[in-house]
Amino acid sequence: MHKLLIVDDHPLFRDALNLSLNNAAQLLQLSPENPIYYSASLEDAFRQLALTPNVDLIMLDLHLPGHDGFWGLVELRKLYPAISVIVISGNDESETIAKAKACGASGFISKSAMSSYIVDGVHAVLKGDEYWPEGSGDVDSEVASIAKKIHQLTEQQLVVLKHLQEGRLNKQIAYDLEISEATVKAHVTAIFRKLGVVNRTQAVILANKLQIDAPLAI
């Protein structure tokens, strides 16, 4: 029986998604007890995953508090490679879908999709297939290359890279993470090498390519 995790900070959409999926519980072979779990942030999703064994599918919004874009998807695919991820978003442009493919998603569902479409997508991915909108483009090769590089980073290096995006100095990062400044410098050097860049500006520009604009409507 299957277990799902919905990562979205909009209660109304979560409730609608829950209703659609539970109405198709038999088709989707949902676990009779606690088949669907919810998280309103990426941090809470990681806590939920640590506490919940055997999650089969994550449905991930691209716009979460503190995480706008594909960072969450890249982290989930790195830390939980055995769990399939469907991206759900109000951004359903071909460019966004191509980036979702590049970052390792197994499917994409627009937040404006009908209930039957959502169920079809979840059913397909739970069976081991992929599910993409008709006419969606090829993988974004540039984003695929970036995602591959970021997958080489350790968990701590991922955290440090996020701090670099926020413009934090080494001493500030060291204080926040409760590590020495020398350790931060070592992480930064490793990040530059793995990303193929030579300075902070280049690292931040590269990482920022995983961000997307907020949707006009949810």
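His2 is buried (under 20% relative accessible area, 1.4 Å probe, protein chains only), with a relative accessible area of 18%. This is a predicted model, where local features need pLDDT of at least 70, side-chain atom pairs count only at pLDDT 80 or more, and totals for chains, interfaces and linings use all residues. Numbering runs from 1 along each chain as its sequence is written, and side-chain values use heavy atoms, with hydrogens and water left out.

So where is His2? His2 is found in the segment before β1 (4-7); strands are DSSP runs of E, at least two residues, and helices runs of H or I, at least four, numbered from the N terminus. The His2 side chain reaches the backbone oxygen of Leu28 at 2.7 Å.

On to helix α1, residues 11-23. At 1.5 Å a residue (times one less than the number of residues), its 13 residues should span 18 Å, and the end C-alpha atoms agree, being 18 Å apart. Here are two sets of residues in α1, with exposed meaning over 50% relative accessible area:

| Set in α1 | Residues | Cut-off, relative accessible area |
|---|---|---|
| Buried | Phe13, Arg14, Leu17, Ser20, Leu21 | under 20% |
| Exposed, on the face turned away | Leu12, Asp15, Leu19, Asn23 | over 50% |

The buried residues of α1 cover an arc of only 130 degrees around the axis, which puts them on the same side of the helix; the arc is taken from the directions from the helix axis to the C-beta atoms. They pack against β1, α2 (25-28), β2 (36-39), β3 (57-61), β6 (84-89) and α6 (115-126), where contact means heavy atoms within 4.5 Å.

Note on methods
Polar contact = N/O pair within 3.5 Å; in protein donor to acceptor, adjacent residues only side chain to side chain.
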